[in-house]
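User: I'd like to go through this model and ask why its features carry the labels they do. Could you take me through the reasoning step by step?

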Amino acid sequence: MKLNYKNTFLVGLAFMSIIAFWQLYDNVIPLLLTRTFHLSEDVTGVIMAADNVLALFLLPLFGKLSDRTCTKIGKRMPYILIGTVVAAILLNILPVIDNGFYNGLTSVFFGLVPFVIVLGLLLFTMSVYRSPAVALMPDITPKPLRSQANAIINLMGAAGGIIYLAFTAFMYPKSKTEGIEHVDYSMLFVFMSIFMILCVVIMALFVNEPKLSSMNDRIEKEHPEWDLTEESNSGTAELPAPVKKSMIFLLLSIALWYIGYNAVTTWFTTYISVIMGEGLGGASTCFLIANAGAIVSYIPIGAAASRFGRKKMIYFGTILLSLSFAVCYFLTTTATTITIPMYITFALVGVAWASISVNSLPMAVEMCKGSDAGKYTGLYYTASMAGQVVTPILAGFLLKNVSYRILFIYATLFSFLSFVTMIFVKHGDVKAERVKGLQNFEDI
């Protein structure tokens, strides 16, 4: 049995468009809220945290709803197609409101209230089809091949982020944005909407969801030995006290490193515009290099985890992340432009994040029995979302009331705290089997 790489790449187009969208959301929306609408950093943080609050409730809801949906084009495809089209339309309304408000248009259609309403509808729409898009891969992929398929899906997500960042760095370099009171980002939003629609249209044209899902169901019925839900592995018993303690500290670590890392991804664009006078292009180049650093390090990190264990690789990742953020503080507060050492440091941030993300989810799943894997995967994402809810608000409050210079101090502190809490994780550190190629990406 071999993985159908063509179908997997096609299914991954939806995830590619989703990751590209969130890069735009994190990079640009804070700029519009603080510069055009002159919101304080703490209020902006509350708005930026809204997507994660919605995700806590809506992702499981629409995942379950799509499980129960039955149409001629499949159970996931209606959510993906309708969600993408509506999101693309709403996306292009945002710069219209932003530009109109800046140019002095005052009506019910231009202002902070309509901007926030449209933004809320956009975030709701993204939550509608995010879970169905992710669930499509296991629907059409036999269980033994899902690790390889998941590797491809995550690689395509990274590629989507790089495409967005490359376009942004080209269209909005510092030379075009420096000294300008208001930047028109309409072209960026148009590009993103076209990119999203193009991705899902290609997927819909070449992926026959009902046919592929039916074929996969038939294959899995022929292999009952793949089913891990036997009574002996029911997972209904509560975790033993020592294992539960390890799980709690692992979930706490996950929340802490997301608090540190997400503060930078949310506020860095605004931060360097205030501290260094850099624009969106400079920030996008830094994130592009961080993504590249992560991508090139996934395979070596997978190999290292098989030799040294996952916990040690997370130690490595949290320490490297803490040191990298500390170096970023000195580089950004002692220079007026982005320098080569800063690019190198962001590449190391990518390596650190890859080392953490590749190894943390398997540790959580390793502590439970097979049939509880979904439950503990859910706990993993709940912890990560909780961190991402807290940090835009908390970091925004500190940036406003203390100083913008505190951003990387904040990120360094929480990254190091995640290293400390990982010391108390005593279970789940089963060394991964050494695998080759794309399988090293499976837990990204």
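Analyst: Happy to. In this predicted model, the largest cavity is lined by Leu-31, Leu-32, Arg-35, Thr-36, Glu-181, His-182, Val-183 and Tyr-185. Its volume is about 60 Å³.

User: What makes a residue part of the lining of the largest cavity?

Analyst: A lining residue has an atom within 4 Å of a cavity point. Leu-31 and Tyr-185 are among the residues that line the largest cavity, so each of them has an atom within that distance.

User: How does the lining of the largest cavity divide by class?

Analyst: There are four nonpolar, two polar and two charged residues. Arg and Glu count as charged, so Arg-35 and Glu-181 in this lining fall in that class. Thr and His are not on the nonpolar or charged lists, so Thr-36 and His-182 count as polar.

User: How many cavities of 30 Å³ or more does the search find?

Analyst: The search of the whole structure finds two. The second largest has a volume of about 40 Å³. Its lining consists of Leu-31, Arg-35, Thr-177, Val-183, Tyr-185, Thr-269, Ser-273, Glu-278, Gly-279 and Leu-280. Helices α1 (5-36) and α10 (241-275) are the elements that give two or more residues to this lining. By class, it has four nonpolar, four polar and two charged residues.

User: Turning to the aromatic rings, why is the pair of Phe-191 and Phe-195 called stacked?

Analyst: The structure holds 22 aromatic pairs. For Phe-191 and Phe-195, the ring centres are 6.1 Å apart and the planes are at 15 degrees. A pair needs centres within 6.5 Å, and planes under 30 degrees apart count as stacked, so this pair earns the label. The two residues are four apart in helix α8 (residues 186-206), and therefore separated by about one helical turn.

User: Why are Phe-191 and Phe-195 given separate labels, partly exposed and buried?

Analyst: The cut-off for buried is under 20% relative accessible area. Phe-195 has 12% relative accessibility, so the residue counts as buried. Phe-191 has a relative accessible area of 22%, so the label there is partly exposed.

User: What makes the pair of Phe-268 and Phe-408 edge-to-face?

Analyst: The angle between the planes is 70 degrees, with 6.0 Å centre to centre. Planes over 60 degrees apart count as edge-to-face, so the label follows. This pair links distant parts of the chain: Phe-268 sits in helix α10 and Phe-408 in helix α15 (residues 407-422), 140 residues apart. Phe-268 is buried because its relative accessible area is 0%, and Phe-408, at 0% relative accessibility, counts as buried too. Ring pairs also link both of them with Tyr-271, Phe-287, Phe-325 and Phe-346 into a cluster.

User: How do you know whether Ala-55 is buried or exposed?

Analyst: Ala-55, in helix α3 (residues 50-67), has 4% relative accessibility, so the residue counts as buried. Not counting residues up to four places away in sequence, Ala-55 touches Pro-60, Ser-127, Arg-130 and Met-385. The C-alpha atoms of Ala-55 and Leu-123 are separated by 8.9 Å, although the two residues are 68 apart along the chain.

User: And why does Met-215 count as partly exposed?

Analyst: Met-215 has 33% relative accessibility. Buried would need a value under 20% and exposed one over 50%, so partly exposed is the label in between. Met-215 lies in helix α9 (residues 209-221). From C-alpha to C-alpha, Met-215 and Asp-139 are 9.9 Å apart in space, with their positions 76 residues apart in sequence.

How values were computed
Residues are numbered from 1 along each chain as its sequence is written. This is a predicted model: local features need pLDDT of at least 70, side-chain atom pairs count only at pLDDT 80 or more; totals for chains, interfaces and linings use all residues. Side-chain values use heavy atoms; hydrogens and water are left out. On a 1 Å grid over the protein atoms alone, a cavity is a set of points where a 1.4 Å probe fits but cannot get out, and a pocket is an open set with protein on both sides within 12 Å along at least five of seven lines; lining residues have an atom within 4 Å of a point. Grid points are joined across faces, edges and corners, and a volume is the space filled by probe spheres set on the points. Buried means under 20% relative accessible area, exposed over 50%, partly exposed in between (1.4 Å probe, protein chains only). Contact means heavy atoms within 4.5 Å.
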